[in-house]
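Please open the model in your viewer and keep the sequence panel beside it. The stops below are given in the order in which they can be selected.

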Amino acid sequence: MSTSQGAITCKAAVCWGLGMTVKLEEIQVDPPKSGEVRVKMLCASICHTDVSGIQGSPYVNGFPLVPGHEGVGVVETVGDEVKNLKEGDMVIPTYIGECGHCRNCVSGKTNLCLTYPFRITGFMPDNTSRMSCRGKKLQHTWTCATWSEYTVVNANYLLKVDPGINLAHASFISCGFSTGYGAAWKEAQVESGSSVAVFGLGAVGLGAISGAKMLGATKIIGVDTNEMKREKGKAFGMTDFINPQDSDKPPSELVKELSDGFGVDFSFECTGVPSLISESLAATNMGTGKAITIGAPNEPIVPFNHTAILAGRTLKGSVFGGLKTMSDLSIVADKCQKEEFPLQELFTHEVPLTDISKAFDLLKEPNCVKVVIKI
């Protein structure tokens, strides 16, 4: 192991306040402390949660901050007490860890580790920052802060991957696609021969479709107002497509019309639009239907249809699709390496870090799925 003695000056995207434009800044990144790793980022991508965070999501705690929680990079410096990583290792930063020993990890019922939890404080586990700009400490988005040439991450929030992995694809599986895929695989445990509805066909929704197909679902209904998502959904295994704008009926009724009038076995809400939580729940079978809510709304409290859940349906929340960082994400990474997913369908746009502001305009394009940031 080796430890750098000084800070690195590099470029990073910084948001200085709520709703403010992200700007490219020169920042200082400190060397890692014990148990930490400094990573040279190679590639990142944009999740809509990054955008909502800048606009005031309850899952971002304060400013200024370096956004980004999707990406892949190379270990540049290893801090003391780090035993599972070395300089030159290819790694994916993650926002949840896995100790394997706490009661949650041992239970097998959840991916939310108590020792290395999902952190929204904006700081490292010791409640300090390794990034600064103009004398001000910068917050690390979800322990990741991937929109920077260099970042520091606690080693327990890093997954080592094959160095030959496609960089763009690796960034997709660090959150978006894997979140949807895991929701079908781990949270819903979709059954062979079952029916599924997916609300919102971004990277998360397409991941849910892919997971449902892998598990043997025979009817997979995609719901999106963007007609261009029809072909994307088909590429991942969708069997039917609904554009709610083509009808005056609520989306849940349209789903029922395609599923024998009773609803689907499983549904996934991938947008964070509050009204769609109720729609996704109502779209499932009475008594046995299960709806997984994945999208992160801008409001911490949202209403939903109590009658729908009173009728025996199950509504379950999910962080990172129920995937455990080491046990499960490593399997997804292996499948990615073997090109078992058509992840090239997600890669629609690319910008250099120096042109980060353009990325937000690209997200508004109807043909945009993922914007890759080349670092």
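Begin by selecting Ser330, which counts as partly exposed because its relative accessibility of 29% falls between the 20% limit for buried and the 50% limit for exposed. This is a predicted model, and in it Ser330 has its place in helix 10. If neighbours up to four places away in sequence are set aside, Ser330 touches Leu159 and Thr325. Draw a distance between the C-alpha atoms of Ser330 and Leu159, and you should find 7.4 Å, although the two residues are 171 residues apart along the chain.

Next select Ser132, which lies in strand 7, residues 131–133. Is Ser132 buried or exposed? With a relative accessible area of 15%, Ser132 is buried, because the cut-off for that class is under 20%. Not counting residues up to four places away in sequence, Ser132 touches Ile27, Gln28, Lys137 and Leu138. Leu329 makes a useful second end for a distance from here: Ser132 and Leu329 are 197 residues apart in sequence, and their C-alpha atoms are 31 Å apart in space.

Now zoom out to the whole chain. The protein has eleven helices and 18 strands, and its C-alpha atoms fill a box of roughly 65 × 45 × 40 Å along the principal axes. For 375 residues, a compact globule would have a radius of gyration near 21 Å, and the 20 Å of this protein agrees with that. Of the 375 residues, 58% count as buried, while the surface that the protein exposes amounts to about 15200 Å², with carbon and sulfur atoms supplying 50% of it. Among contacts with a separation of 6 or more, 70% are accounted for by residues 24 or more positions apart.

Colour the chain by domain for the next stop. Domain 1 takes in 8–174 + 342–374, and domain 2 takes in 179–319. The C-alpha centres of domain 1 and domain 2 lie 28 Å apart, and the contact takes 20 residues from domain 1 and 16 residues from domain 2. How much area is buried between domain 1 and domain 2? The figure is about 1400 Å², of which carbon and sulfur atoms give 65%.

Turn then to the interior. In soluble globular proteins, nonpolar side chains tend to be buried together. The largest nonpolar core here has 53 residues, and Ile173, Val196, Phe268 and Leu346 are those with the most contacts inside it. Among the elements that give two or more residues to this core are strand 6 (90–93), strand 10 (158–161), strand 11 (195–199), strand 14 (266–269) and helix 10 (329–337). Helix 5 gives the most to this core, with six residues. The core draws at least three residues from each of domain 1 and domain 2.

Within this core, select Phe268 and display what surrounds it. Leaving aside its neighbours within four places in sequence, Phe268 is in contact with Ala183, Ala184, Ala188, Val190, Val196, Ala197, Val198, Phe199, Ala208, Ile292 and Ile294. Apart from the largest core lies another core, of 20 residues, and selecting Val51, Val60, Ile356 and Ile373, which are among them, will bring you to this last stop.

Technical notes:
Residues numbered from 1 in each chain as written. Predicted model: local features only at pLDDT ≥ 70, side-chain atom pairs only at ≥ 80, totals over all residues. Heavy atoms only, no water. Core = buried A, V, L, I, M, F, W, Y, C linked by side-chain atoms within 4.5 Å. Buried < 20%, exposed > 50% of the residue type's maximum accessible area, 1.4 Å probe, protein only. Helix = DSSP H or I, 4+ residues; strand = E, 2+ residues; numbered from the N terminus. Domains from an automatic or database assignment. Contact = heavy atoms within 4.5 Å. Rg over C-alpha atoms; globule rule 2.2 N^0.38 Å. Areas by Shrake-Rupley, 256 points an atom, 1.4 Å probe, with all protein chains shown as cover. Buried area = accessible area lost by both parts, 1.4 Å probe.
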